[in-house]
Amino acid sequence: MELRQLRYFIEVAEREHISEAAIHLHVAQSAVSRQIANLEDELGVQLFERIGRNVKLTPIGKIFLEHSVSAIKAIDFAKKQIDEYLDPEKGTIKIGFPTSLAGHLLPTVISAFKREHPNVAFHLRQGSYNYLIEAVKTREINLAFLGPLPPKDSILNNTILFSENFSVLLNANHPFAKKDKIPLIDLRNEDFVLFPEGYIMQKLVVEACNSVGFTPKVSSEGEDMDAIKGLVAAGIGLTLLPESTFYDSTPRFTKKIPIELPNIRRTVGIISPATRNLSPSEKVFHDFVVQFFSLLGQYQ
């Protein structure tokens with residue numbers, strides 16, 4: 001069994017079409033067909049069903065695909081580690097991040113790192129909270145910034161970088177805009193602008209409101225931070241956001257006010273796999289991030 005056969009097999013399985021796979025692989029269709037046939041002969045099973053010009057995985061083919069993808073990821077990661085062992089300053093770091101950390105944290109950290117390590121490249125992947133956790137577990141990425149950090153388990157390493165409070169963001173003409181602090185219970189009759197259900201930021205706000213005896217009345221939803229802030233600026237409702245989302249500025253026509261009770265906080269940190277080592281360049285970046293935030297007293 002050859003690596004080339006596994007790569008051809010994965011490409012055909014994903015595209016369900018041999019000629020399209022061949023075009024993407026930049027090889028002749030006959031070469032792909034031959035390698036798939038050789039692989040099936042060696043395994044003694046049929047991996048694909050032929051349906052007209054298309055192909056579909058057989059049940060055993062689906063099982064083999066899952067293991068093939070894992071094997072290729074492991075081999076590619078091993079080669080990456082060897083390349084970076086020879087020169088850690090020329091590696092590529094794959095990092096995941098959620099929308100709530102995209103505006104300030106990510107560019108601040110990466111720009112500081114690039115000043116000291118200009119030849120290290122980055123491959124950035126924005127995603128949902130649950131997606132980023134799974135992506136680290138399945139080797140799609142090896143590092144991800146998250147807030148809050150997930151519970152500790154045997155698969156993930158969690159490193160806390162800082163903790164931060166939530167504040168109320170409301171329209172500048174709102175009756176509460178002149179207050180210095182707002183008890184969360186005072187918002188029980190207000191319209192809220194939140195992320196959709198399934199987003200961790202929505203979950204944190206709903207749980208905080210539930211803790212003081214009410215469920216927030218959601219008037220509108222937005223899938224990114226700019227949309228949420230824009231709806232608040234338009235007077236559609238108010239929202240709760242962590243402090244790091246205000247570092248650049250508070251949007252026009254809005255007012256940020258601290259929450260008096262309860263003290264709503266989240267941890268922000270970086271997750272990495274506990275079951276495998278980081279590559280040399282990833283380790284350099286991870287250590288840099290930890291040191292970077294330890295020196296910033298305003299994040300403590």
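Is Q46 buried, partly exposed or exposed? Q46 is partly exposed, because its relative accessible area of 46% falls between the limits of 20% and 50%. The model shown here is predicted.

**View 1. Q46 sits in a loop.** The loop runs between helix 3 (29–43) and strand 1 (48–51). Q46 has a relative accessible area of 46%. A second residue to find is H123. Q46 and H123 are 77 residues apart in sequence. In space, their C-alpha atoms are 37 Å apart.

**View 2. Five residues make a nonpolar surface patch.** They are M1, L43, V45, I60 and I63. The patch covers about 400 Å². Look at I63, which lies in helix 4 (residues 59–86). I63 has a relative accessible area of 47% and is partly exposed.

**View 3. F113 and F122 form an aromatic pair.** The count of aromatic pairs comes to twelve. In the pair of F113 and F122, the ring centres are 5.8 Å apart. The planes meet at 80°. Edge-to-face needs over 60 degrees, so this pair counts as edge-to-face. F113 is buried, at 0% relative accessible area. Ring pairs also link F113 and F122 into a cluster with F145, F162, F285, F288, F292 and F293.

**View 4. F195 and Y199 form a stacked pair.** Their ring centres are 5.6 Å apart. The angle between the planes is 20°. Stacked means under 30 degrees, so the pair of F195 and Y199 meets that rule. How accessible are the two partners? F195 is buried, with 4% relative accessibility. Y199 is partly exposed, at 28%.

**View 5. Negative charges gather on the surface.** The patch is made of E197, E221, E223, D224 and D226. One of these residues, E221, lies in strand 8 (residues 217–221).

**View 6. R252 lies in a loop between two strands.** These are strand 9 (239–242) and strand 10 (254–258). R252 is exposed, because its relative accessibility of 65% is over 50%. Now find K229. R252 and K229 are 23 residues apart along the chain. Their C-alpha atoms are separated by 9.4 Å.

**View 7. E2 and R4 meet in a salt bridge.** The structure holds eleven salt bridges. In the bridge between E2 and R4, the N to O distance is 3.1 Å. E2 is partly exposed, with a relative accessible area of 39%. R4 is also partly exposed, at 41% relative accessibility.

**View 8. R266 and E164 form a salt bridge.** The closest N and O atoms of R266 and E164 are 2.8 Å apart. This pair links distant parts of the chain, 102 residues apart. R266 is in strand 11 (residues 265–273). E164 is in strand 6 (residues 156–171). Are the two residues buried or exposed? R266 counts as buried, because its relative accessibility of 2% is under 20%. E164 is buried too, with a relative accessible area of 3%.

**View 9. K203 and E207 form a salt bridge in helix 7.** The closest N and O atoms of K203 and E207 are 2.7 Å apart. Helix 7 spans residues 200–211. Why are K203 and E207 separated by about one helical turn? Because they are four residues apart in the helix. K203 is partly exposed, with a relative accessible area of 42%. E207 is partly exposed as well, at 41% relative accessibility.

How values were computed:
Residues are numbered from 1 along each chain as its sequence is written. This is a predicted model: local features need pLDDT of at least 70, side-chain atom pairs count only at pLDDT 80 or more; totals for chains, interfaces and linings use all residues. Side-chain values use heavy atoms; hydrogens and water are left out. Rings of Phe, Tyr and Trp (its six-membered ring) pair if their centres lie within 6.5 Å; planes under 30 degrees apart count as stacked, over 60 as edge-to-face and the rest as tilted. Buried means under 20% relative accessible area, exposed over 50%, partly exposed in between (1.4 Å probe, protein chains only). Patches are made of residues with over 30% relative accessible area and no salt bridge: like charges are joined within 9 Å, nonpolar side chains (Val, Leu, Ile, Met, Phe, Trp, Tyr) within 5 Å. Accessible areas come from the Shrake-Rupley method with a 1.4 Å probe; for residues, only the protein chains shown count as cover. A salt bridge is a side-chain nitrogen of Lys or Arg within 4 Å of a carboxyl oxygen of Asp or Glu. Lys and Arg count as positive and Asp and Glu as negative; His and the chain ends are not counted. The place of a charge is taken as NZ of Lys, CZ of Arg, CG of Asp or CD of Glu.
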